[in-house]
Amino acid sequence: MTTRSPSHPPSILRWCLRCVSSTAVIGWMAVIFYLSSLSSEAVATLGLYDAPVFDRLGFFKSVAAHMAVYAALACLIQAAIWSWKTGVGATLGIAWAAAAAAGVYGLSDEFHQLFVIGRSVSWMDVGANAAGAVAAVMAMRFTFKSISPMLRLGLAVPPGPRRSA
């Protein structure tokens, strides 16, 4: 009987991770598409976006919302890429690819809004989408680069109580 090392999970686990991460990307893109197909008035009454605390942001409320939505998309894309590529860490190329994919989707989403009554195309939104995506993948890369040496050394997990045999 052969045992697998922790760096090589069983094939079924790897495929489950790939399916879940890819489905999460597609699902989040569908949510973005749905939200962008609503009129501006309908979007303004959704969930946290309508909370009084966010009214203090004024104009920046829309920018913050775009950045947050596309930051989440970029993180999901980066996680999906990591699940399909074996032996790949937090490389800069992967981060830029995830940010670019999220940015291109943001551009296509703004184009989609040309055909939605009550919505318009905004280059400010395209910039906020790209800025959120870049900030998120760089934060993920920095976090991964900071934590991975600790994981290799076993420092990231606090030691549990010792049991005597």
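The expected span of a helix is 1.5 Å times one less than its number of residues, and helices here (H or I, at least four residues) and strands (E, at least two) are DSSP runs numbered from the N terminus. The exercises below concern a predicted model, in which local features need pLDDT of at least 70 and side-chain atom pairs count only at pLDDT 80 or more, while totals for chains, interfaces and linings use all residues. Residues are numbered from 1 along each chain as its sequence is written, and side-chain values use heavy atoms, with hydrogens and water left out.

**Exercise 1. Helix spans and confidence**

Compare the reach of helix 5 with its expected span, do likewise for helix 1, and state where confidence is lowest and highest.

Solution. Begin with the inventory: the secondary structure comes to six helices and zero strands, in the order α-α-α-α-α-α from the N terminus. Helix 5 has 21 residues, and from its first C-alpha to its last it reaches 30 Å, close to the 30 Å expected. For helix 1, the 26 residues should span 38 Å, and the end C-alpha atoms are indeed 38 Å apart, which agrees.

Next, turn to pLDDT, the predictor's confidence in each residue, from 0 to 100. The protein averages 81, and 75% of the residues score at least 70. Helix 5 has the highest confidence, at a mean of 91, whereas helix 3 (residues 52-55) has the lowest, at 68. Where pLDDT is low, the predicted coordinates should not be read in detail.

**Exercise 2. The nonpolar core**

Identify the residues that touch the most other members of the largest nonpolar core, and list the contacts of Leu 73 beyond its neighbours in sequence.

Solution. First fix the terms: buried means under 20% relative accessible area, exposed over 50%, and partly exposed in between (1.4 Å probe, protein chains only). A nonpolar core is a set of buried Ala, Val, Leu, Ile, Met, Phe, Trp, Tyr and Cys residues joined through side-chain atoms within 4.5 Å. By the first of these terms, 27% of the 165 residues count as buried.

The largest core has 14 residues, of which Leu 73, Ile 77, Ala 102 and Val 137 touch the most other members. Two or more residues are given to this core by each of helix 1 (11-36), helix 4 (60-84), helix 5 (92-112) and helix 6 (123-153).

Then take Leu 73 and count contacts, that is, heavy atoms within 4.5 Å. Leaving aside neighbours within four places in sequence, Leu 73 is in contact with Val 25, Trp 28, Met 29, Ile 32, Ala 102 and Tyr 105. Ala 102 and Tyr 105 are also among the buried residues of helix 5, while Val 25 and Ile 32 are among those of helix 1.

**Exercise 3. Two buried serines of helix 1**

What do the side chains of Ser 21 and Ser 36 reach?

Solution. A polar contact is a pair of N or O atoms within 3.5 Å; within protein, one must be able to donate a hydrogen and the other to accept it, and residues adjacent in sequence count only if both atoms are side-chain atoms.

Ser 21, in helix 1, is buried because its relative accessible area is 9%. Its side chain makes a polar contact with the side chain of Ser 83 at 2.9 Å, and beyond four places in sequence Ser 21 is in contact with Ala 79, Ala 80 and Ser 83.

Ser 36, also in helix 1, is buried because its relative accessible area is 2%. Its side chain reaches the backbone oxygen of Phe 33 at 3.0 Å. Not counting residues up to four places away, Ser 36 touches Asp 109, His 112, Gln 113, Val 116 and Arg 119. What covers the buried residues of helix 1 includes helix 4 and helix 5.

**Exercise 4. Aromatic pairs**

How many aromatic pairs does a search of the whole structure find?

Solution. Rings of Phe, Tyr and Trp (its six-membered ring) pair if their centres lie within 6.5 Å; planes under 30 degrees apart count as stacked, over 60 as edge-to-face and the rest as tilted. The search finds two pairs. Trp 15 and Trp 84 are edge-to-face, at 5.3 Å centre to centre and 85 degrees between the planes. This pair links distant parts of the chain, with Trp 15 in helix 1 and Trp 84 in helix 4, 69 residues apart.

Phe 111 and Phe 115 are likewise edge-to-face, at 5.3 Å and 85 degrees. Finally, classify the rings' residues by accessibility: Trp 15 is partly exposed at 41%, Trp 84 is partly exposed at 41%, Phe 111 is exposed at 51%, and Phe 115 is exposed at 62%.
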